[in-house]
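Open the model in your viewer and keep the sequence panel in sight. Follow the stops in order, selecting as you go.

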Amino acid sequence: MAKVHELEIKNKYTGEIIGTVPADTPETVNDKIKKVHKNQHLLREMDFFERAQVLSKFATKLRFKKAQLKDLVVAEGGLPIKYSEWELGIVMTGFKFCDWYHQFIEDKPLTGIEGEQNATIKYIPHGLSACISPRNTPISLPLYQMGANYLVGNGAIVKPSTACPLTMLEAYSTMKDMDFPGLDALNLVIAPGEWAVDEFLKSHLIKIIMTVTSSHTAKDILVRYGRLLKKTADRSMGVAMYTQPFKQFFFECAGNDAGIVMDDVNLEHVAKWNAMASYTNSGQQCFSMKRIIVHQDIYDEYTECLIKEMEKLKYGDPTDPTVDIGPLGSRRILMMMEVMVADAKEYGVKIYTGGEKIDTGEDYGLFYTPTLVEIKPDLCEDLSKAPFLWREEAFGPVRSITKAKDMKDAIRLANASNYGMRAVVYTSNLDNIEVFKDQLEAANIYVNARPMLVDITVSLGGIKDSAYPAGCKYYPQELVYGKYIYDGTPLNLEKIK
Amino acid sequence: MLEEELTSQIIDKEAYKTEIAKKYTTFLAQYPEIFSDLILASNFDFALYNSIETYDKESPVDIFNVLRNGNGIEIKPGRAINSDLELALSVSAVKKLIQTKTKVEYANLLGTFYNDPDEEKGWIDFVLHKRTQVLIDMGYGKFAQTAGILKDDDDIYSM
């Protein structure tokens, strides 16, 4: 038997080791896959509403543990404690009211031309799902992945980030303590993505691969899948016949959201929201407002307002309830911010504020100051030649600001991106609002909305390189397939007897 | 247009098992407007529990029902047959809630007991008996906000 390897989990601010967890090996991962697959029937023996009720009770248990969970989220994730409240709040509310998602998967009776209802679409769970979640959300996304699968009746193996698995392990242990029905159909895998993904891809038992990751990592998963398919090609009939079955892939990827500020809004108020939308969790959010596009008539005044709001942001110890910006999740992010700012400087851009790092020389306590970089509109004309900061996701506290001539120009700039998760617009012109809704290229459009919206209707998803498949989405809806059933019995029973 | 003033009616006061439930119903009767967002005929149970264990076992020490009727609210002892939901409260929470002096103070404390529950200091929870969408349509989402249970966006995350 392979020796059990242990992972040390560090506090992202102090570097203190806050937990040690046994890591999975390829053997234990496959054992878990088999066990979850074998027990998947436990979920199918309950109906949707029974499973929803279990999740609702679980939400209550989590709420009672909130203080403990918040401490874990802050320590291992480096998220400021005030943000951890939001992180936990969204998942607890989502689980408490999860029966709301039934509307996406309830049977759809179809009415034929003659008014008869012989056809129905039923929604069937795909089967065992392997879920890979990112480092920036220690609990909300991995638990949402697990909960959504449970809700529709899919077994699930969830792999939280090895940088911050403790919160999910605590949540899973809470499930055990409450005798969570069907828990044997859910499990966690603590293993690095480098090889865990290959195990998931290879397993015939896994039907779905769902990840929240960068677009490039998602594409790399497809490349690996392609290589795997190639290895399984049987050419005995003269053509390549691939024995590896199809899998369903659901990728939630990067965002490079545009946020448009028009000349007809209260600048102080919007700037306050903008600071929150752009720099919450040190900007380590896929849906963060990353490319700020401002009408030329208010550009200078607005930039001044935004800088004032940015200067109010406090960074430091994430356990301090007044701190807005916690440490970065990894040295790689710090490097990425430095590279993006250095690259932008090559284009002669103006750095309004920020651009400084705090580097402990270790893999903890790393900060990059909230940064605002002016990118001139002409630099965005040819996407392939635009600064990295414009064309790639800045997964840290560096944001660009760009001047737009008018609404049409603002829309053009917003759409000049390979990504399309969200687009945000602030305007009081009611006629223009409809144009923005219609012409902005993103799967989720937010008009005059408060950032960090907590609402059960908020969807995930994206277009272009932000998600696969494209579109706004709710996980439960993605985890089932439609089965068309035509039942001609009422019409034909007597004839065929 | 003037809003119609809502009234409260407490039925069969002597039928409550506990003093705390009697006091709580008298207290709630002061604020029928808390229930104004609910549609007519909506009703829910208030169940009082001594501990989390008794809540898990569904053994309340006392229970009463609040019905939104044409005039305001009607409070009566016992569980309703078809209640929309159950609002579960620890006795320790109720003891503190009935000490509050204003509706706003009451709502804030109720919100704290929901959002930061504590076995000793007090907690509340709710169990839905109907689908979330149905309850939203009946006005419970708005009610939960007025009553301080669900926070407004601005409260959830403010920088």
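## Chain B first

Of the 159 residues in chain B, 38% count as buried. Keep in mind that this is a predicted model. Colour chain B by secondary structure: there are 7 helices and 6 strands. Walk along the sequence and the pattern reads β-α-β-α-β-β-β-α-α-β-α-α-α.

Now show the C-alpha trace of chain B. Along its principal axes the trace spans about 50 × 45 × 35 Å. The radius of gyration of chain B is 15 Å, which agrees with the value near 15 Å for a compact globule of 159 residues. Look at contacts between residues at least 6 apart in sequence: in chain B, 72% of these join residues at least 24 apart.

## Stop 1: helix H1 of chain B

Select residues 19-28 of chain B, helix H1. Which residues of this helix are buried? They are Ala21(B), Tyr24(B), Thr25(B) and Leu28(B). Turn the view to look down the axis of H1(B). The buried residues fall within an arc of 100 degrees, so they line one face of the helix. The spacing fits a general rule. An α-helix has 3.6 residues a turn, so residues three or four places apart point the same way.

What do the buried residues of H1(B) pack against? Add four strands of chain B to the selection: E1 (7-10), E2 (43-49), E3 (62-68) and E4 (72-77). Then add helix H3 (91-97) of chain B, which is also a packing partner.

## Stop 2: Thr7 of chain B

Stay on strand E1 of chain B and pick Thr7(B), which lies in it. Is Thr7(B) buried or exposed? Thr7(B) counts as partly exposed, because it has 13 C-beta neighbours inside 10 Å. Show its contacts, leaving aside neighbours within four places in sequence: Pro32(B), Asn71(B) and Gly72(B). Next, draw a C-alpha to C-alpha distance from Thr7(B) to Arg68(B). The two are 61 residues apart in sequence and 10 Å apart in space.

## Stop 3: where the chains meet

Show both chains. The contact takes 19 residues from chain A and 11 residues from chain B. On the chain A side, three elements give two or more residues each: helix H3 (48-64), helix H5 (81-96) and helix H11 (267-279). H3(A) supplies the largest share, 4 residues. Colour the chain A side by class: 9 residues are nonpolar, 4 polar and 6 charged.

## Stop 4: chain A as a whole

Hide chain B. Chain A has 18 helices and 25 strands. Its C-alpha atoms fill a box of roughly 80 × 65 × 55 Å along the principal axes. The radius of gyration of chain A is 24 Å, which agrees with the value near 23 Å for a compact globule of 497 residues. Of these 497 residues, 49% are buried. Among chain A contacts with a separation of 6 or more, 74% are between residues 24 or more positions apart.

## Stop 5: a helix pair in chain A

Select helix H4 (residues 66-77) and helix H8 (residues 166-177) of chain A. They pack at an angle of about 155 degrees, with axes 8 Å apart. Angles over 145 degrees count as roughly antiparallel, and that makes H4(A) roughly antiparallel to H8(A). Show the side chains at the contact. H4(A) brings Leu69(A), Leu72(A), Val73(A) and Glu76(A). H8(A) brings Leu166(A), Thr167(A) and Glu170(A). By class, this contact has 4 nonpolar, 1 polar and 2 charged residues.

## Stop 6: unusual backbone in chain A

Most residues other than glycine have a negative phi, and most peptide bonds are trans. Three places are worth a look with that in mind.

- Select Met452(A), in the loop between strand E21 (444-447) and strand E22 (460-464) of chain A. Its phi is near 55 degrees, a positive value. Met452(A) counts as buried, with 21 C-beta neighbours inside 10 Å.
- Move to Lys464(A), in strand E22 of chain A. Phi is near 50 degrees here, again positive in a residue other than glycine. Lys464(A) is buried, with 20 other C-beta atoms within 10 Å.
- Finish at Tyr468(A) and Pro469(A), joined by a cis peptide bond with omega about -10 degrees. Pro469(A) sits in the loop between strand E23 (467-468) and strand E24 (471-473) of chain A.

Technical notes. Residues are numbered from 1 along each chain as its sequence is written. Chains are lettered from A and ligands numbered from 1 in the order in which they are written. This is a predicted model: local features need pLDDT of at least 70, side-chain atom pairs count only at pLDDT 80 or more; totals for chains, interfaces and linings use all residues. Two residues are in contact if their C-beta atoms, placed from the backbone, lie within 7 Å. Ala, Val, Leu, Ile, Met, Phe, Trp, Tyr, Cys and Pro count as nonpolar, Asp, Glu, Lys and Arg as charged, and the others, Gly among them, as polar. A residue is buried if 20 or more other C-beta atoms lie within 10 Å of its own, exposed if 12 or fewer, and partly exposed in between; C-beta atoms are placed from the backbone. The arc is that of the directions from the helix axis to the C-beta atoms. The radius of gyration is taken over C-alpha atoms; the globule rule is 2.2 Å times the number of residues to the power 0.38. Axes are lines fitted to C-alpha atoms, for helices over the stretch in contact, and angles run from 0 to 180 degrees between N-to-C directions. Angles under 35 degrees count as roughly parallel, over 145 as roughly antiparallel, 65 to 115 as roughly perpendicular and the rest as oblique.
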